[in-house]
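Me: I have a new model open on my screen and would like to learn how to read it. Could you walk me through it, feature by feature?

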Amino acid sequence: MPEIPQKKVGIIACSGEEIAEGTVTRLAALKVLHEMRRGDTVTLCLPLFLAGGEGERTFARFYPTITVDGCRLRCAARATERYSAQPAESIVITEVAAELGIEGIANRRNLNESGRRAVDATAEIIAGFVDRLLEKKDLDQERDGESAQVGAQTTPGTCSCGSGIQVSNLEIDGKLTKVIALPILMEQFNMEGRPADQAVAIDLLAQARVYNKVPLESEPGWLAAIQQEYASYCCAKRGKS
Ligand code: SF4
């Protein structure tokens, strides 16, 4: 399997409206996003995820995600597992609070002292997971320097996958179709010296299937389009070398 570049970690908070722990998930995720691991994380919007937001689901398919749930119903973790991929890490606020002896989290709109402690503790846990997932272990000092500037900078937009995953726009059965990750797959195949024949196109299609929905009846069209795209890619590469 070609290696997809791992750039960021996605945080999916349940943001439950009914209990204060849901507020904790959202505030902890934002603290990591804007203050503690700025640039290394994005937030993925759970409602959009559930509504079928392809960007969010695609991100979670390619990149590690951390789900943060308010209670044991684990809405964010279950949605991520169901619609995209297994989260790399899952946190449940009621469990964090129990482990740390934080009692009486309350006030959804304006968290009490226990709620604020839970936010800080959860954010620390998330940040630790981010470091581990990105294999960044010795950057705390560097970050301390950066965080002093954070308040003065414009906060980047959130709730967008921003994954940077490349897509190819192919005409398949007369329809312009986005084929997610095809450029990086072709690059990998080309580096391995694989020719642009039908057998390789079949392998490329098999890999592309991991990231794209390929209806059975459209398979011949996908195969032909991918083979042609890969032939053009190899030709262009030869021209450059
Ligand atoms: S995990 Fe719990 S707090 Fe979060 S949305 Fe689901 S039911 Fe609400």
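Me: Let me start with one residue pair: which residue in β2 does G10 stand opposite?

Reply: Its counterpart in β2 is V42. Keep in mind as we go that this is a predicted model. The general idea is that strands of a sheet pair through backbone hydrogen bonds, either parallel or antiparallel. Here β1 (residues 9-13) and β2 run parallel, and three bridges join them.

Me: What is the order of the strands in the sheet?

Reply: Read across the open sheet and you find four strands in the order β2-β1-β3-β4, with parallel pairing. β2 (41-43) and β4 (89-92) each have a single partner strand and stand at the edges, so one side of each is left without a neighbour in the sheet. Ignoring direction, neighbouring strands are turned by 20 degrees against each other on average.

Me: Which strands does α6 touch?

Reply: Helix α6 packs on the sheet and touches β1, β2, β3 (65-69) and β4. Its direction makes about 175 degrees with that of β4.

Me: How do I read the packing of two helices, say α1 and α6?

Reply: Begin with their axes. Those of α1 (residues 20-36) and α6 (residues 113-133) come within 8 Å and cross at roughly 50 degrees. That angle makes α1 oblique to α6, and the crossing is right-handed. Then look at who meets whom: α1 contributes V24, L27, A28, A29, K31, V32 and M36, while the α6 residues they meet include G115, A118, V119 and D120. By type, the residues of this contact divide into 12 nonpolar, two polar and three charged.

Me: And at what angle do α5 and α6 pack?

Reply: Helix α5 (residues 93-100) packs with α6 at about 100 degrees, their axes 10 Å apart. The two helices are therefore roughly perpendicular to each other. On the α5 side, I93, V96 and L100 take part, meeting R117, A121, T122 and I125 of α6. This contact holds five nonpolar residues, one polar and one charged.

Me: Last one: which residues surround the ligand?

Reply: For a ligand, list the residues around it and then sort them by type. The shell here is made up of C14, G16, I19, D69, G70, C71, L73, R74 and C75. Sorted by type, five of the shell residues are nonpolar, two polar and two charged.

Definitions and conventions:
Residues are numbered from 1 along each chain as its sequence is written. This is a predicted model: local features need pLDDT of at least 70, side-chain atom pairs count only at pLDDT 80 or more; totals for chains, interfaces and linings use all residues. Side-chain values use heavy atoms; hydrogens and water are left out. A residue is near a molecule or strand if one of its heavy atoms lies within 4 Å of it. Ala, Val, Leu, Ile, Met, Phe, Trp, Tyr, Cys and Pro count as nonpolar, Asp, Glu, Lys and Arg as charged, and the others, Gly among them, as polar. Axes are lines fitted to C-alpha atoms, for helices over the stretch in contact, and angles run from 0 to 180 degrees between N-to-C directions. Angles under 35 degrees count as roughly parallel, over 145 as roughly antiparallel, 65 to 115 as roughly perpendicular and the rest as oblique. A crossing is left-handed if the near helix is turned anticlockwise from the far one by less than a right angle, and right-handed if clockwise. Contact means heavy atoms within 4.5 Å. Two strands pair if DSSP finds at least two bridges between them.
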